[in-house]
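Colleague: I am new to this structure. Please walk me through how to read it, one feature at a time.

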Amino acid sequence: MDDRTQLTDDGAGREGRLAAAFVTLADTMVDEFDMIDLLALLADYCVDLVGSTASGILLMDQRGALGIAAASSAAARVVELFELQQEQGPCYDCCRTGTAISEPDIARASARWPEFSARVAEVGFAAVHALPLRLRGQVIGALNLFHAEPGRLRPTQAALAQALADVATIGILQERALRERELLAEQLQTALNSRIVVEQAKGIIAERTGLDTDAAFTLMRTTARSRQRRLAEFARDIVQGIEDLGMQPSPGER
Amino acid sequence: MTAARQARILALLASVDVGQPLPHRVCTAAVAALPVSGAGLRLMGTSGHQILVHGTDSTARQLEDLQLTLGVGPCVESVRRGGPVLVPDLARQSAGRWPGFVEPALGAGVRAIFAFPLQIGAIGLGVLDLYRNSIGGLNDDAMTDALIFLDVVTLALLDTPVAGTDGDGILTTWMGDADTAVHQATGMIMVQLGVPIDQAMLRLRAYAFAHDRTITATARDLVARRLRLEPEP
């Protein structure tokens, strides 16, 4: 389904499209979703519903590095890229401070952002409004609106854009939390698996050598270290029958 | 509403049997928080082999041992399905569903069982077994509490790996002799019978079943060298 076509052609009127936009964004939080799709949708909603000329989204990864997550037009992408490279501009400042930053007339902002205001004028934008992607104290990026005409955002426009941003923020944070938990679960499962295989290998060595299981463990660990093998992998090789420590097979194994 | 229940369950988990390992406290808290008589917790590796079992009482441990020996039962099925298995009236289970399980479980005093898998996304970490010595299901309230309890427990378990592993990344915390004996015994059988590891596990299980003993008791005998399996002549 081409969501972008839906936005402008469905004839349901602006209110209908607005409601649909929120439903779609909320849906992404319930089902599995593609982050890139979500943010592309969000950028398009800003153009269609808020009435911006173009929009872009900057997103911080878990290490705090900023990147361009979406842009509704090539011009928007140029501006976002510029801000990232120069570390200058309202969108960049918004990410760093977590507060909305609005420049209704870029022509007058050359003192504040010298290189940025020149670049933005080149691509045809006259006003920039940056809104934080923020949940309580946590800032993860900025939603940036670019307008061809100078002027302030109307309060209703600002409120709508911030609401769209808030819904997207919750979705992104939820997805990140889930991925983090999955990583921890994998680590726990690996730790469990390793323990199982080490205990199995202890039994194997104990049976082959006649040692008790503690002495068998010491032998296994010493041998693994002398061969610079990781203990769990070495144990796995023993259990898979790839490694026999040079021990003779017992009668049962022949 | 959910936040209030979550907070209550977290507080309970933090306050019961302080000083005992987490799996122990999970089972105690389950009995305190939910309308059940006993609880068992089983953690498992990807091969389906369990590594850890804890139960609130001998009945819970019996149930776990029974399912481990037979390889069938509500918690085994719950893990396989990736979803809860709810049995409000054990006596009315058809004999075919879990062969060999229902009679001994009823004999141990169990009348209802509810098994919930511990799952994060696609990763199955184990299962929480709740049982009751009277017939009856979990009403909506209890079910909600059970699912929240499960969530809280799963996250609490995830806090472990870094603290509970040694330098080799092997889980060292929570383990008891009974947990490790089964796997050591499996390794011994692998050598004694000359079979691959998965078959060795089946042979351990078959021996225990044939001699009407638990898998844990059989494993302990093998590890202590009171017992040896011989290959067929």
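Modeller: We will go from the fold of one chain to the interface, then to salt bridges, cysteines and backbone angles. Keep in mind that this is a predicted model.

Colleague: Let us begin with chain A. How many helices and strands are there in chain A?

Modeller: Chain A has nine helices and five strands. Read from the N terminus, the order is α-α-α-β-β-α-α-β-α-β-β-α-α-α.

Colleague: What share of the residues in chain A is buried?

Modeller: Of the 254 residues in chain A, 48% are buried. Now look at contacts along the sequence. Take those in chain A with a separation of 6 or more: 58% of them join residues 24 or more positions apart.

Colleague: On to the interface. How is the size of an interface often given?

Modeller: The usual figure is the accessible area lost when the parts come together. Here, about 3200 Å² is buried between chain B and chain A. Carbon and sulfur atoms give 67% of that area.

Colleague: How many residues of each chain are in contact?

Modeller: On the chain B side there are 38, and they contact 35 residues of chain A.

Colleague: How many salt bridges are there between chain B and chain A?

Modeller: The count is one. A:Glu207 pairs with B:Arg228, and their closest N and O atoms are 2.5 Å apart. Polar contacts are counted as well: eight residue pairs across the interface, both residues at pLDDT 80 or more.

Colleague: Which elements of chain B supply at least two residues each to the side that touches chain A?

Modeller: They are strand E1 (38-44), strand E2 (50-55), strand E5 (123-132), helix H6 (140-158) and helix H8 (177-193) of chain B. The largest share, nine residues, comes from H8(B). By class, this side of chain B has 20 nonpolar, 15 polar and three charged residues.

Colleague: Show me one residue in helix H8 of chain B.

Modeller: Try B:Thr180, which lies in that helix. Leave aside its neighbours within four places in sequence. B:Thr180 is then in contact with A:Arg195 and A:Glu199.

Colleague: Is B:Thr180 buried or exposed?

Modeller: B:Thr180 is buried, because its relative accessible area is 9%, and the cut-off for buried is under 20%.

Colleague: You named A:Arg195 and A:Glu199. What links A:Glu199 with A:Arg195?

Modeller: A salt bridge, with the closest N and O atoms 2.8 Å apart. Both residues lie in helix H7 (residues 155-209) of chain A. They are four residues apart, about one turn of the helix. Both are buried.

Colleague: Which other side chain meets A:Glu199 in a salt bridge?

Modeller: That of A:Lys202, at 3.2 Å, N to O. A:Lys202 and A:Glu199 are about one helical turn apart, because three residues separate their positions in helix H7 of chain A. A:Lys202 is buried, and so is A:Glu199.

Colleague: Which residues of chain B are joined into one network by salt bridges that share partners?

Modeller: B:Arg5, B:Arg8, B:Asp141 and B:Asp145. Over all chains, the count comes to 19 salt bridges.

Colleague: Let me see a pair with an exposed residue.

Modeller: Take A:Arg108 and A:Asp105. Their side chains meet in a salt bridge at 3.0 Å, N to O. A:Arg108 counts as exposed, at 71% relative accessibility. A:Asp105 counts as partly exposed, at 21%.

Colleague: Now the cysteines. How many disulfides are found over all chains?

Modeller: Zero. A:Cys91 is in no disulfide, and the nearest cysteine sulfur, that of A:Cys95, is 7.6 Å away. A:Cys91 is buried, at 0% relative accessibility.

Colleague: Why is the sulfur of A:Cys95 not bonded to that of A:Cys94?

Modeller: Because the two sulfurs are 5.8 Å apart, too far for a bond. A:Cys95 is buried too, with a relative accessible area of 3%.

Colleague: Last, the backbone. Where is A:Gln228 found?

Modeller: In the loop between helix H8 (213-226) and helix H9 (231-240) of chain A. Its phi is near 55°, a positive value in a residue other than glycine. A:Gln228 is exposed, with a relative accessible area of 74%.

Colleague: What is the phi of B:Arg225?

Modeller: Near 60°, again positive in a residue other than glycine. B:Arg225 lies in the segment after helix H10 (215-223) of chain B. B:Arg225 is partly exposed, with a relative accessible area of 40%.

Note on methods: Residues are numbered from 1 along each chain as its sequence is written. Chains are lettered from A and ligands numbered from 1 in the order in which they are written. This is a predicted model: local features need pLDDT of at least 70, side-chain atom pairs count only at pLDDT 80 or more; totals for chains, interfaces and linings use all residues. Side-chain values use heavy atoms; hydrogens and water are left out. A salt bridge is a side-chain nitrogen of Lys or Arg within 4 Å of a carboxyl oxygen of Asp or Glu. Buried means under 20% relative accessible area, exposed over 50%, partly exposed in between (1.4 Å probe, protein chains only). Contact means heavy atoms within 4.5 Å. Buried area is the accessible area (1.4 Å probe) that two parts lose on being put together, summed over both. A polar contact is a pair of N or O atoms within 3.5 Å; within protein, one must be able to donate a hydrogen and the other to accept it, and residues adjacent in sequence count only if both atoms are side-chain atoms. Ala, Val, Leu, Ile, Met, Phe, Trp, Tyr, Cys and Pro count as nonpolar, Asp, Glu, Lys and Arg as charged, and the others, Gly among them, as polar. A disulfide is a pair of cysteine sulfur atoms within 2.5 Å.
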